[in-house]
Every structure is written in structure tokens, then in C-alpha cells.
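Trainee: Could we go through a protein model together, one step at a time?
Mentor: Gladly; let us look at it first.
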Amino acid sequence: MSKTRPQRETVKHLTYFVVQTFSAVKGARGKISADTPMEANDEDHARRLFERYKPIRAGVVAFRRTGDPKTGDWEDAVVIARHGQVSADVDQLEAADDTAADSWDLGPADLKVA
């Protein structure tokens, strides 16, 4: 008599939360370098990491990405929060709350053009 194994439930969609920080490159005015991305447990954790790194990095962005790891099909990343000088790729991402750029927490120092 063979035992039937319980069928495993597979996850079709996963959401990853990531915080990406950027450091200023010494001796290269206005240049930034991406640091190692940090995975967060959930959106609240991503926001806490964002707030932690916001005052000590040239830029920081928290985002989420949902998809199917089995097939490799992923939706576009959605920005949860951003601050400071970040990669140009971030500007192409959709904001989670669909707020206008005017309402982002940017000050005069963030808007300087090199």
C-alpha cells in the first residue's frame, strides 16, 4: 500500500521589498555608487530601513517587486519611498502612492543640478 503525499502548495506570486542606498563617490563631484541592496521583510520594515539610511547616504530608495519566481515573470518595481541622489533608473519607476513629485520629501539640497 503506497502512501499518498500531501500535495505541496506553490507560491505563484511573491513580493520582494528592497532598500537600495547610494553613496557619494569621493573625489568625483556629484557621482554616486550603488551600495549592496537590502531585502526587507515587509513594507513597514522597508520604510524603517529607508528612514535609517536617509540621513547618512547620498540617496536611498525603497521599492517592492511582485512576480512569479518559478517563471521569472516580474511586474515593474514600485517605489515606496525615495530621497536624495539616486540612480536615473529610479525616476522611471512607478510611485506606490501615485503622488506627484512635488510632494516627495525633497529639499533644496536634493534639487541641485551638477
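What follows is a set of questions and answers about this predicted model.

Trainee: Let me start with the strands. Which strand runs antiparallel to β1 and is joined to it by 9 bridges?
Mentor: Look along β1, which covers residues 14-24. One pair to find there is Val-18 and Phe-63, which stand opposite each other. Phe-63 belongs to β4, and the strand joined to β1 by 9 bridges is β4.

Trainee: And what is the bridge partner of Phe-22 in β2?
Mentor: β2 is made of residues 32-34, and it pairs with β1 in the antiparallel sense over 3 bridges. β1 also pairs with β3 in the antiparallel sense, over 3 bridges, and there Phe-17 stands opposite Ala-40. Back in β2, the partner of Phe-22 is Ala-34.

Trainee: Is Thr-21 buried or exposed?
Mentor: Thr-21 sits in strand β1. Residues further along the chain that touch Thr-21 include Ser-33, Met-38, Tyr-53 and Val-60. Its relative accessibility is 2%, and buried means under 20%, so Thr-21 is buried.

Trainee: Which side chain makes a polar contact with the side chain of Thr-21?
Mentor: Among the residues touching Thr-21 are Ala-34, Asp-35 and Arg-57. For the polar contact, look for a distance of 2.7 Å between side chains. The partner is Asp-35.

Trainee: Now the helix. Why do the buried residues of α1 line one face?
Mentor: The buried residues of α1 are His-45, Ala-46, Leu-49, Phe-50 and Tyr-53. An α-helix has 3.6 residues a turn, so residues three or four places apart point the same way. Seen down the axis of α1, the buried residues line one face because they fall within an arc of 140°.

Trainee: Which exposed residues are on the face turned away from that buried side?
Mentor: First set aside the buried side of α1, where the cover includes β1, β3, β4 and β6. Then turn to the face that points away from it. The exposed residues there are Asp-44 and Arg-48.

Trainee: At the start of α1, which residue has a side-chain oxygen reaching to the backbone nitrogen of Asp-44?
Mentor: The helix α1 covers residues 43-53, so count back one step from there to check the numbering. The oxygen comes to within 3.2 Å of that nitrogen. The residue is Asp-42.

Trainee: Which element gives the most residues to the largest nonpolar core?
Mentor: That core has 12 residues, including Phe-17, Met-38, Leu-49 and Ile-80. β1, β3, α1, β4 and β6 each supply at least two of its residues. With 4 residues, the element that gives the most is α1.

Trainee: How many residues are in the second, separate core?
Mentor: In soluble globular proteins, nonpolar side chains tend to be buried together. Phe-50 of the largest core is in contact with Val-19, Val-60 and Ala-62, among others. The second core includes Phe-22, Val-61, Ala-77 and Val-90, and its number of residues is 8.

Trainee: One last item: what distance separates the C-alpha atoms of Pro-69 and His-13?
Mentor: Pro-69 lies in the loop between β4 and β5 and is partly exposed, with a relative accessible area of 39%. Its contacts beyond its sequence neighbours are Lys-12, Leu-14 and Trp-74. Pro-69 and His-13 are 56 residues apart along the chain, and their C-alpha atoms are separated by 7.3 Å.

Technical notes: Residues are numbered from 1 along each chain as its sequence is written. This is a predicted model: local features need pLDDT of at least 70, side-chain atom pairs count only at pLDDT 80 or more; totals for chains, interfaces and linings use all residues. Side-chain values use heavy atoms; hydrogens and water are left out. Buried means under 20% relative accessible area, exposed over 50%, partly exposed in between (1.4 Å probe, protein chains only). A polar contact is a pair of N or O atoms within 3.5 Å; within protein, one must be able to donate a hydrogen and the other to accept it, and residues adjacent in sequence count only if both atoms are side-chain atoms. Contact means heavy atoms within 4.5 Å. The arc is that of the directions from the helix axis to the C-beta atoms. Two strands pair if DSSP finds at least two bridges between them. A nonpolar core is a set of buried Ala, Val, Leu, Ile, Met, Phe, Trp, Tyr and Cys residues joined through side-chain atoms within 4.5 Å.
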